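Morning, everyone. Let's take a quick look at one structure together.

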Amino acid sequence: MADYVVEFGRDGGRVEPDGRLDAPAFHRNHEPIWAALEKHLAGSTGNVVELGSGTGQHVVHFARHTPDLIWWPSDLNQRHLKSIEAWRIHAGLPNVRSPLRIDLTDPDWCPEMRGQGPTSLAAVFCANVIHIAPWSVAEGLFAGAGRYLRAEGKLFLYGPFKRAGKHTALSNAVFDTSLREGNPEWGVRDIADVETLAQGAHLRLVDTIDMPANNLTLVFAR
Ligand SMILES: C[S@@+](CC[C@H](N)C(=O)[O-])C[C@H]1O[C@@H](n2cnc3c(N)ncnc32)[C@H](O)[C@@H]1O
């Protein structure tokens with residue numbers, strides 16, 4: 001069964017003295033996710049926002065591969081924000097900015113998006129968030145993506161999804177049940193419901209990439 005962590009560092013995982021946290025799933029997932037993103041981001045320039053960055057390990061990995069993109073990680077959780085900043089400093093990459101505090105239940109995301117923050121986004125990336133959060137998080141995510149992505153910008157969503165109301169694997173069904181038991185507002189989302197949100201934000205599903213362990217990467221564009 002897929003496992004999930006709501007707050008890294010409280011799961012018994014490693015915590016470095018500078019606050020860097022470690023997500024065990026990162027080590028399994030980062031290469032296949034990068035392979036999915038690379039297909040769409042190769043040659044791009046500009047700003048990319050990562051939503052719900054968690055530990056900050058993904059953003060550092062992706063930034064290393066894309067010196068022409070500027071990555072803006074974000075999260076809501078204070079411990080995660082500290083870890084993201086610590087990973088940023090540890091990596092010493094010029095193309096990773098300090099994390100933004102973004103609460104995705106806010107369709108504007110955060111005040112910086114209207115001022116000092118990234119503009120005209122080349123991409124938005126979000127892994128493993130919308131099933132571990134109320135539906136209002138998915139709504140806020142798409143509202144902001146629709147507003148802040150530039151004309152040819154893309155939104156990448158990674159995680160488990162249902163197809164036409166059905167789970168794609170028994171393990172995802174078990175995972176979904178465990179999520180809903182923990183919080184009735186959480187749960188593995190159906191692609192059709194996500195596409196409906198996308199339409200409202202003037203985005204459409206342009207690619208569906210099968211990922212290891214019965215996950216998918218959904219790619220949305222205008
Ligand atoms: C399961 S973790 C995924 C972390 C990371 N993306 C990964 O794949 O390793 C879910 C993340 O979503 C964040 N999150 C939960 N609710 C949120 C909200 N309302 N707005 C923004 N982030 C949120 C959590 O703090 C956590 O870092």
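How do the residues of the shell around the ligand divide into nonpolar, polar and charged? They divide into 13 nonpolar, 7 polar and 2 charged. Ala, Val, Leu, Ile, Met, Phe, Trp, Tyr, Cys and Pro count as nonpolar, Asp, Glu, Lys and Arg as charged, and the others, Gly among them, as polar.

Keep in mind that this is a predicted model: local features need pLDDT of at least 70, side-chain atom pairs count only at pLDDT 80 or more, and totals for chains, interfaces and linings use all residues. Residues are numbered from 1 along each chain as its sequence is written.

Back to the ligand. It is surrounded by 22 residues, each with its C-beta atom, placed from the backbone, within 6 Å. The closest are Gly52, Gly54, Asn77, Leu104 and Ala127.

Now the fold. The protein chain has 6 helices and 10 strands. These are DSSP runs numbered from the N terminus: helices are H or I, at least four residues, and strands are E, at least two. The C-alpha trace spans about 45 × 40 × 30 Å along its principal axes.

Last, a pair of helices. The axes of H1 (residues 24-41) and H2 (residues 57-65) come within 10 Å and cross at roughly 40 degrees. Axes here are lines fitted to C-alpha atoms, for helices over the stretch in contact, and angles run from 0 to 180 degrees between N-to-C directions. So H1 is oblique to H2: under 35 degrees counts as roughly parallel, over 145 as roughly antiparallel, 65 to 115 as roughly perpendicular, and the rest as oblique.
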